[in-house]
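Hello,

Here is the structure I promised to pass on to you. Have a look at it first, and then read my notes below.

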Amino acid sequence: MNKQTLWNLIEERRDDLVHLCSKMLQIPSENPPGEMKEITDFITTYLDEGNVGYEITGPDDEHPVIIASYGGDEGTKMVFNGHSDVVPAGDRSQWNFDPYGGEITETTIRGRGASDMKCGLAGAMFVMRLLAEQNIELTGQMLLHVVPDEETGGHLGTKWLVDNGYAKDASCVVVAEPTSSNNCEVGQKGSLQGKISIKGESAHGSLGKYKGVNAIREMMKFITGLETLEAMTGRFTDKQLPVLADSKMIARIAQGTDGVENIIDHVTVNVGTIKGGVKTNMVADSCEMEVDIRIPIGLTVDEVLDKFYAIAADQGIERISYDMKWSSGSNFTDVDEPLVKKVVENAETVWGAKVVPAYQWASSDARYYRNAGIPTIQYGPANTAGIHSYNEDVDIVDVVNSAKVYAGMILDLLK
């Protein structure tokens, strides 16, 4: 079967794909709490019905990982990765529709996980089952890694798979996470989170300017000092500079805010939580803050931490402690990799528009494969406005076209 014939078949079966997405969205696999049995049973039943072979593994019964495969044992091994967990729906009054209704409109599929990322996962599942049903012969092998915990860091899903050798023979990886239709993700920022604690000295609130040490005021000085981190920029090779320019343009268009393109090549700092003090009329003797720092390509975690730790001394803050957790460094795939060229080529053909490799300001499980030296891209259907927010949906045409891109890449790289 040639590529166009397979694309035509996907178009003919588009209703099957759309309803698969809808059914998956109706399963509330929120994480936390991370109850994954229902969605795991649904996926394995779907694979069973299509005679697709799989195994269930994982670190424990609460975190099942599905590994499915189709094709030959020789040649390229191409992994598709997707997570079946979603972030909580949150305040239901903020939704214009049932987040777990899986509603299908004339142009969209609606619900929590539509863009992030059950419809991307469904596309990979659909293509794998379609290949098996049509008995399409592949020299290489398509593998599917379905993981349960990307939304809580991926340590018991994709990281566990990589650490335990399940990706050691992988030639390349496609993570079906959301991107815009005009780009594929080839790099991500590093991530550093931490808790900062400052001890003060209590006194009566009426004496606050003259007695005691107010830990909240000390923390305010520290937060002001964080601006020095936000001036730090990444380092990019000549080959990476065009990708950087495209990435900044995409960020500016997607977010629609002046200066937002700086999130690609600058350190960003978000003070996520802060708490301190005991009572209004007491000088606060303690304050605690949690911070999220994202690190651009070409800048190391150690460079950022050195500047971070220097802030307290620069501000004259003495009784301070840190609990910093490094999630990952920045990571990227070379744009000359065949995987990158094929996703761009197929996406441009399917969409009839220019598609560019781009760097992303957030992170995904792609980092675990890249850290293992495996060329990895991210490409999947998305309407970014609802991701981790309310009224999440995805365009049907995006879901169908993403499936076509997956199928085209498979025929190009695995035949």
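Before the notes begin, one term: two residues are in contact when they have heavy atoms within 4.5 Å of each other. Please also keep in mind that this is a predicted model.

With that term in hand, let me start at Gly82, which belongs to strand β3 (residues 77-83). Which residues does Gly82 touch, not counting those up to four places away in sequence? They are Met117, Leu121, His145, Val146 and Val147. Gly82 has a relative accessible area of 0%. Buried means under 20%, so Gly82 is buried. Ser180 is 98 residues away from Gly82 along the chain, and the C-alpha atoms of the two are separated by 17 Å.

Thr40 is another residue to look up, and you will find it in helix α3 (residues 37-49). Is Thr40 buried or exposed? Its relative accessible area is 6%, so Thr40 is buried. Leaving aside neighbours within four places in sequence, Thr40 is in contact with Ile56, Pro64 and Ile66.

Gly165 gives another picture. This residue sits in the loop between α5 (158-163) and β6 (172-175), and with a relative accessibility of 28% it counts as partly exposed. From Gly165 to Gly190 there are 25 residues in sequence and 23 Å in space, C-alpha to C-alpha.

Now to the sheet that includes β8 (190-199). Four strands make up this open sheet, in the order β9-β10-β8-β11, and their pairing is antiparallel. Why is one side of β9 and of β11 left without a neighbour in the sheet? Both β9 (268-276) and β11 (320-328) stand at the edges and have a single partner strand each, so one side of each stays free of a neighbour there. On average, neighbouring strands of the sheet are turned by 15° against each other, direction ignored. If you would like to follow one pairing closely, take β9 and β10 (residues 286-295), which are joined in the antiparallel sense over eight bridges. Val271, for instance, has Val291 in β10 as its bridge partner.

Two helices go with this sheet. Helix α6 (residues 215-225) lies across β8, β9, β10 and β11, and runs at about 15° to β10. Helix α9 (residues 301-315) packs on the sheet too, where it touches β8, β10 and β11. The direction of α9 makes about 165° with that of β11.

Strand β7 (residues 183-188) is worth a visit as well. How many of its six residues are buried? Six of the six are, so β7 is largely enclosed by the rest of the structure. This strand pairs with β13 (residues 356-360) through five bridges, and the two run parallel. Within that pairing, Glu185 stands opposite Ala358 in β13. With β12 (residues 331-332), β7 shares two bridges and runs antiparallel; there, Gln188 has Asn331 as its bridge partner.

Finally, some helix packing. Two packed helices are described by the angle between their axes and the distance between the axes.

Take α2 (residues 14-25) and α4 (residues 114-133), which pack at an angle of about 135° with their axes 9 Å apart. The two helices are therefore oblique to each other, and their crossing is right-handed. The α2 side of the contact consists of Asp16, Leu17, Leu20, Cys21, Met24 and Leu25, while α4 brings Ala114, Lys118, Cys119, Leu121, Ala122, Gly123, Met125 and Phe126. Eleven of the residues in this contact are nonpolar, one is polar and two are charged. You have met Leu121 already, as one of the residues that Gly82 touches.

Then there are α10 (residues 338-351) and α12 (residues 396-414), whose axes come within 9 Å and cross at roughly 135°. That makes α10 oblique to α12, and the crossing is right-handed. Among the contact residues are Leu339, Val343 and Trp351 of α10, and Val397, Val405 and Leu413 of α12. By class, this contact has nine nonpolar, three polar and five charged residues.

Enjoy exploring, and do write back with your questions.

Best wishes

Key
Residues are numbered from 1 along each chain as its sequence is written. This is a predicted model: local features need pLDDT of at least 70, side-chain atom pairs count only at pLDDT 80 or more; totals for chains, interfaces and linings use all residues. Side-chain values use heavy atoms; hydrogens and water are left out. Two strands pair if DSSP finds at least two bridges between them. Axes are lines fitted to C-alpha atoms, for helices over the stretch in contact, and angles run from 0 to 180 degrees between N-to-C directions. Buried means under 20% relative accessible area, exposed over 50%, partly exposed in between (1.4 Å probe, protein chains only). Angles under 35 degrees count as roughly parallel, over 145 as roughly antiparallel, 65 to 115 as roughly perpendicular and the rest as oblique. A crossing is left-handed if the near helix is turned anticlockwise from the far one by less than a right angle, and right-handed if clockwise. Ala, Val, Leu, Ile, Met, Phe, Trp, Tyr, Cys and Pro count as nonpolar, Asp, Glu, Lys and Arg as charged, and the others, Gly among them, as polar.
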